[in-house]
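Colleague: Please take a close look at the enclosed and open spaces in this model, starting with the cavities. I would also like to hear about the cysteines.

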Amino acid sequence: MGTSIIGASVTRVDGPLKVTGAARYAVDHPLENVAFGVPVASTVGNAHIASIDTSAAERMPGVLAILHHGNTEPLFRSAGRLEQSRTSEARPPFEDDNVYYYGQFVALVIANTFEQAQDAAARVKVNYEVRKPVVEMSAGETPKKDPQTHYKRGDADQAFNSAPVKIDAEYLIPVETHNPMEMHATIAVWGGDKVTLYETSQGVVNHQRVMSEMLGIPLERVLVLSPFCGSGFGGKLFPWPHSLLAAMGAKQVKRPVKVVVPRNLMFTTVGHRPLTQHHVKLGATQDGKLLSIQHDVVQPTSMVDTYTENCTGVTTMLYSCENVAANQVLVEHNIGTPTPMRGPGIVPGLFPMESAMDELAVKLNLDPIELRERNSADQDESYNPARPYTSKRLHECYQTGAEKFGWSKRTPQVGSMRRGNEILGWGMATATWHAGRGSATVRVRLNADGTARASCATQDIGTGTYTIFAQVVSEKTGIPIDKIDVVLGDSSLPDGPTSGGSTATATVLPAAAQATQQAISRVIAVAQSTPGSPFHAEAQSAGGDPPKLTMTAGYIHTADQRPESGMPFGQILKMARLAALEGEAKTAPQEAEGKKYSAHSFGAQFIEVTWDPGIAHLRVTRALSVIDAGRIINKKTGRNQILGAVVMGIGMGMFEETIYDPRNAKPINNNFADYLVSTNADIPELECIFVEYPDYHLNEYGARGIGEIGLAGIAPALTMAVYHATGVRVRKLPVRVEDLLSASGALRA
Ligand code: MOS
């Protein structure tokens, strides 16, 4: 087996459980005596609750309890980041008698059956004193909310004013809503003073901490289980109100309570990517060297939290430029609290920045790749002094991508490339995502029956985390993958990281490797100390040091001999009458290292669209991603990450937009019929090439992370391709056919 399993295309180990339906997602756990909680959600966006009349609902059959702000003890607030915990919405549910957004939970009806609870919930009468909600960006002065961020190097204003070539444009990315297949859900079960939460979570440890804080009980009385997660895309990073409601409800009725967030409320109470409004100004020389970059962002947050995402961080590091100014301000809207959505900050930051770069390329009549090469940053200039990258192979991504895509055949004139009735448009953009690593503890157990087990309180959100644990244990021990049990998604296991920010792989690998190594060392020690073992000191020829032992292909053997000449590790354990031996390791990043370097993944993404002016039909026909993310641990799940993100990127470019009714702040397209996402018919053959240079600054395997970068360059590459085909520059996502029709000449066949 050797070391080849790291980097191989390994089929996910949890695949059979998923395709046979044996994998248990949050609400699949079979529990006795479960009661059903159905939330009553506000039907207005801004109001004071004058009264709640539950009398009719209480008389309905099967109703056990109706909870609301008037009859429950207020919950505690989460202590926040200082306590290594993070909730999604600072205000706990039912904290006061105000409605801050449409779809806010104002009551929870608990009944014997789901239908009874739903029926009763419809009869809860809430009397609102309605106020006008704020849901749109106002043209004039808007009150600003903290935190704001401001960045400056050089004098961007002055450099822009005197620049010979200028771009000055505004861009808008609308609200996008996470729509994982598995909706948010919780089953809460109290046993004495302990609560167990069956969750769908991207972070069981964080969820446990937040619940402990907000329910006001010690950490060890909260158990969070999320063995499988039907995707999260960021929406399941931090706990949301329904989880607290399930815990409160279960305590009150002294039965397990199941709360599922229905699809329509997935649009209101469990986060979204916030709308971001961008103003970008670029100043450049005639030969395309950037003289100044200015990027101003306004983004709404909710009334009950200060969630904000950093869209300008990427602006300050992407290209080499002496004069950069970037500002971000927050405003408040009566919509639910935004939350990270795959590629937060960088994805919405790259769209305006990369679009402006293309506008500059067009203005200069310069190839867009050439423009980017001329401004390439050898160091991360956003730091003062600039920091070297741990590894950056962006140039190779551009070149490989250009060659593979056939970029040299591109004729830059708008509408100049055709295939039959269709006009081709080609676009490209730079992609990036910061690489990071946190701390993790992993336990590895080598069993006497020849199997192994690895465990950690992280979780697999569909990305392949189960599989990479098995790969590491297999690589170190030679135990085949199918004999390795990986246990995740349980907060009582050794502390593991949240699956977020594309950091889980880089974080868990070193701990998994060290724990395995430690378990092997313990087996070796037993091999040397157990009478009857071929490696027992007395069995060895007298004198000298005992021979160095190692483990290969499941055998303990002397380092200079074939594995099969030794003994299977299980046999050694049996000989010593041991059921198993364990290793446990905690690893953390080196602080000093992190301050010396800048760690980012990079990529180049290419899109081909075809525009059929005769029938006003636009589609994406090719998408190529060339990604520099260090060493790829599993080619199969890695590729799957990139391609999945590209599908989301095409959704961002072509379809996704949550639309709010200004009268009551209701998301009017709160369902899969009206909120469009990419479907199979929208997705062409997708290609992904990894430019593999191990980045040993992050871990011994050289892996960075790949969960988010695949989305980063798609929308700007797509709108650039649309411009190339039609001459229409779309600065407000998503691209609409209406935008293309309005262009003079777009209908010319
Ligand atoms: Mo990601 S938005 O950190 O799940």
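Modeller: The model is predicted, and the largest cavity in it holds about 80 Å³ of space. A search of the whole structure gives four cavities of 30 Å³ or more. Fourteen residues would be a long list to read out, so to speak of the centre: among the 14 residues that line the largest cavity, Glu199, Thr200, His207, Phe238 and Pro239 lie nearest its centre. By residue class, the lining of the largest cavity has seven polar, five nonpolar and two charged residues.The second largest cavity has a volume of about 40 Å³. Its lining includes Thr87, Glu89, Arg91, Pro92 and Pro93 from one part of the sequence, together with Met214, Pro239, Trp240, Pro241 and Leu244. Pro239 thus appears in both linings, being one of the residues nearest the centre of the largest cavity and also one of those around the second largest. The lining of the second largest cavity divides into seven nonpolar residues, two charged and one polar.

Next come the open spaces. The second largest pocket has a volume of about 460 Å³. It is lined by 26 residues, and Val38, Pro39, Ala41, Pro262 and Leu265 are those nearest its centre. Four elements give two or more residues each to this lining: strand 1 (35-41), helix 3 (114-121), strand 6 (125-130) and strand 12 (257-260). Strand 1 contributes the most, with six residues. The lining of the second largest pocket is made up of 16 nonpolar, seven polar and three charged residues.

That leaves the cysteines. A disulfide is a covalent bond between the sulfur atoms of two cysteines. With a cut-off of 2.5 Å between the sulfur atoms, the count of disulfides is zero. Cys397 is in no disulfide, and the nearest cysteine sulfur to it, that of Cys688, is 10 Å away. Cys688 is likewise in no disulfide, with the sulfur of Cys397 as its nearest cysteine sulfur at 10 Å. Are these two cysteines buried or exposed? Cys397 is buried, because its relative accessible area is 0%. Cys688 has a relative accessibility of 14% and therefore also counts as buried, the limit being under 20%.

Methods. Residues numbered from 1 in each chain as written. Predicted model: local features only at pLDDT ≥ 70, side-chain atom pairs only at ≥ 80, totals over all residues. Heavy atoms only, no water. 1 Å grid on protein atoms, 1.4 Å probe; cavity = no way out; pocket = protein on both sides within 12 Å on 5 of 7 lines; lining within 4 Å. Points joined across faces, edges and corners; volume = space filled by probe spheres on them. Nonpolar A, V, L, I, M, F, W, Y, C, P; charged D, E, K, R; others polar. Buried < 20%, exposed > 50% of the residue type's maximum accessible area, 1.4 Å probe, protein only.
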